[in-house]
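Here are a few exercises to work through with the structure open beside you. Try each task before reading its solution.

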Amino acid sequence: MMPPLPGPAPDPDTVVTRDSTALTVRPIAPGDADGLVELHARLSGDTIYRRYFGARPALAPSVVERFTQVPEEWRFALVAVREPADLVAVARYEGSPGATDAELAVVVDDALQHQGVGRALLLRLVDVAVVRGLDELVAEVLVENKAMLGLLHRLGIPFGSRTGDESTRVLTLDLRGLQLDAQRRARALGHVRRAEAMRAAAPGAG
C-alpha cells in the first residue's frame, strides 16, 4: 500500500486535442456512471467490437458500477471529460492483489479518435502504473485493430509481443526501466492523490 500523499490538491490536468478541444483528465468517479453509459451509447459498433471483442449494445448496471467504482489499489482508471461532465474517453488497468502486472484497455469517443486523446490517456496511465510500482502493462488487441497496435508501438516504451489466439496479439509494456521526469511524476502522483481522496471519502471507507 502506498503511504498517504501529503500536500495541496494538484492543478487540473488538461489535454488539448489536435482540433483544439480542451479536455480535463482525472480519475474516474462513481458520479461518472451516467457519463459512461452515454459514452458507450455513442460508440460505433466497430469501436465497441475492438474494445470488447464482441457486440455489447449496452453496459449492464453491474459493469457500470465496477467500471466507475475503483476502491482497489491494483485497479485504476482515468477519464477525459469536456466540461462540465461530458465523458469522452476512458483508459484503465486491471490487476490483481499482489501482482506487478495489469491488463490495459482504452476507449475513445468516435468523434475524438485520431486527435491524440488515446495516446495522452495511455501515457498518463503508464505514469500512474510506474509510481504505483507496476512492472508491466499487458494489452490484448485484435489483429485487425491496426490503430491500437500502432498507438501502443508509438508510446516509445519497450514491449514484447506474442500471438494470443487466432485473432489477437498480446503486447506487454515493460515499465521497469521507465524514468519519469519531474513533471510527469508530479502529474501521476496528482492523479493517485485524487483517487486516494475519493476512496477515503467513499461510504464505509476506513
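A cavity here is a set of grid points where a 1.4 Å probe fits but cannot get out. Please keep in mind that the model is predicted.

**Exercise 1. Find how many cavities of 30 Å³ or more the whole structure holds, and describe the lining of the largest cavity.**

Solution.

Step 1: Search the whole structure. One cavity of 30 Å³ or more turns up.

Step 2: Take its volume. The largest cavity encloses about 100 Å³ of space.

Step 3: Look at the residues around it. There are 14 lining residues, and Leu 36, Arg 51, Tyr 52, Val 90 and Val 107 are the closest to the cavity centre.

Step 4: Place the lining on the fold. At least two lining residues come from each of α1 (33–42), α2 (45–52), β4 (86–94) and β5 (101–108).

Step 5: Sort the lining by class. You should get eleven nonpolar residues, one polar and two charged.

**Exercise 2. Arg 42 and Asp 109 meet in a salt bridge; work out which parts of the chain the pair links.**

Solution.

Step 1: Check the contact. The side chains of Arg 42 and Asp 109 come to 2.8 Å, N to O.

Step 2: Locate both partners. Arg 42 belongs to helix α1, while Asp 109 sits in the loop between β5 and α4 (117–131); the two are 67 residues apart, so the salt bridge links distant parts of the chain.

Step 3: Compare accessibility with the cut-off for buried, under 20% relative accessible area. Asp 109, at 4%, is buried, whereas Arg 42, at 34%, is partly exposed.

**Exercise 3. Is Asp 127, the partner of Arg 184, buried or exposed?**

Solution.

Step 1: Confirm the pair. The closest N and O atoms of Arg 184 and Asp 127 are 2.6 Å apart in a salt bridge.

Step 2: Find the helices. Arg 184 is in helix α6 (residues 182–201) and Asp 127 is in helix α4, so the pair ties together parts 57 residues apart in sequence.

Step 3: Read the accessibility. Asp 127 counts as buried at 1%, and Arg 184 is partly exposed at 23%.

**Exercise 4. Describe the salt bridge between Arg 176 and Asp 174, then name the residues of the network formed by salt bridges that share partners.**

Solution.

Step 1: The closest N and O atoms of Arg 176 and Asp 174 are 2.9 Å apart.

Step 2: Arg 176 is exposed at 55% relative accessibility, and Asp 174 is partly exposed at 26%.

Step 3: Turn to the network. Arg 66, Glu 72, Arg 75, Arg 92 and Glu 94 are joined into one network by salt bridges with shared partners.

How values were computed: Residues are numbered from 1 along each chain as its sequence is written. This is a predicted model: local features need pLDDT of at least 70, side-chain atom pairs count only at pLDDT 80 or more; totals for chains, interfaces and linings use all residues. Side-chain values use heavy atoms; hydrogens and water are left out. On a 1 Å grid over the protein atoms alone, a cavity is a set of points where a 1.4 Å probe fits but cannot get out, and a pocket is an open set with protein on both sides within 12 Å along at least five of seven lines; lining residues have an atom within 4 Å of a point. Grid points are joined across faces, edges and corners, and a volume is the space filled by probe spheres set on the points. Helices (H or I, at least four residues) and strands (E, at least two) are DSSP runs, numbered from the N terminus. Ala, Val, Leu, Ile, Met, Phe, Trp, Tyr, Cys and Pro count as nonpolar, Asp, Glu, Lys and Arg as charged, and the others, Gly among them, as polar. A salt bridge is a side-chain nitrogen of Lys or Arg within 4 Å of a carboxyl oxygen of Asp or Glu. Buried means under 20% relative accessible area, exposed over 50%, partly exposed in between (1.4 Å probe, protein chains only).
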